[in-house]
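Let's look at a structure together and ask how each label is earned. Have a look first, then read on.

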Amino acid sequence: MDGTLLDSEKLWDMALRELAGEYGRELTDEVRHALIGASGPNAFRILFDGLGIEHTPESVAHGSEWMERRVTELFHGPVPWRPGAREALEMVRSAGLPMALVTNTKRSLTEFGLDTIGREFFGATVCADEVPHGKPAPDLYLRAAELLGVDPGNAVAIEDSPTGSIAAQAAGCTLLVVPCEVPVPDAPGRTFRESLVGLTMDHLGELVRERAVS
């Protein structure tokens, strides 16, 4: 969702920098980039380690409550789409293929993103707080494939972050990477595009065929 369909990483960036200011700290770009794609528990470990704040259940609870309140406020405003994302969703829906949204964002905040995206596109939506482990573990993708009734090996995952890319490949999906805020390292089995603008069903089909013969 964040960084692939919606250009919402900028909203998370604003909230994270404000949260750091609440502790009298400044969020460095290095720590911010490490947070992109991270799930809730891992994100706060990375954040607090980077800010030099003790990582305790109490500090995590306070930070989580603060972030949810602030991000909720930000998501109530207009959230811009990533280039070509809406057209890609409409194309796949018109082709009759099932789609799932998988995100390391918790369900309560994902619902605000879905207000912009539209729930009608997805046969399933799976959030990090609904599986044992968020990305980079494969749980989100495996659960989404189960809900759609498809083999992960026959699915194309579209990701924007290193964390999400690892998760998709670990689940056995064919991977298309459209980087957003941070670079994604090249690796076997990864196909890259600059954006979703101009994506066609032929492109998606070719990805699956190429993987089948590799």
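Q: Which residues line the largest cavity?
A: This is a predicted model, and in it the lining is made of Gly3, Thr4, Arg82, Pro83, Val178, Ser195 and Leu196.

Q: What makes the lining three nonpolar, three polar and one charged?
A: Pro, Val and Leu count as nonpolar and Arg as charged, while Gly goes with the polar ones. Pro83, Val178 and Leu196 are in the lining, as are Gly3, Thr4, Ser195 and Arg82, so the split comes out as three nonpolar, three polar and one charged.

Q: Why is this space called a cavity?
A: Because a 1.4 Å probe fits there but cannot get out. About 40 Å³ of space lies in this largest cavity, and a search of the whole structure turns up one cavity of 30 Å³ or more.

Q: What are the domains of the protein chain?
A: The domain assignment gives domain 1 as 8–76 and domain 2 as 85–212. Their centres, taken over C-alpha atoms, are 24 Å apart.

Q: How do you know that domain 1 and domain 2 are in contact?
A: Contact means heavy atoms within 4.5 Å, and 15 residues of domain 1 are in contact with 14 residues of domain 2. Together the two domains bury about 1,200 Å², with 61% of it on carbon and sulfur atoms. On the domain 1 side, Ile36, Glu68 and Phe75 lose the most area to domain 2, together 36% of what that side buries.

Q: Why is the pair of Glu181 and Lys10 called a salt bridge?
A: The closest N and O atoms of Glu181 and Lys10 are 3.3 Å apart. The cut-off is 4 Å, so the pair qualifies. The count between domain 1 and domain 2 is two salt bridges.

Q: How many residue pairs are in polar contact across the interface?
A: The rule finds three between domain 1 and domain 2.

Definitions and conventions: Residues are numbered from 1 along each chain as its sequence is written. This is a predicted model: local features need pLDDT of at least 70, side-chain atom pairs count only at pLDDT 80 or more; totals for chains, interfaces and linings use all residues. Side-chain values use heavy atoms; hydrogens and water are left out. On a 1 Å grid over the protein atoms alone, a cavity is a set of points where a 1.4 Å probe fits but cannot get out, and a pocket is an open set with protein on both sides within 12 Å along at least five of seven lines; lining residues have an atom within 4 Å of a point. Grid points are joined across faces, edges and corners, and a volume is the space filled by probe spheres set on the points. Domain bounds come from an automatic or database domain assignment. Buried area is the accessible area (1.4 Å probe) that two parts lose on being put together, summed over both. A salt bridge is a side-chain nitrogen of Lys or Arg within 4 Å of a carboxyl oxygen of Asp or Glu. A polar contact is a pair of N or O atoms within 3.5 Å; within protein, one must be able to donate a hydrogen and the other to accept it, and residues adjacent in sequence count only if both atoms are side-chain atoms.
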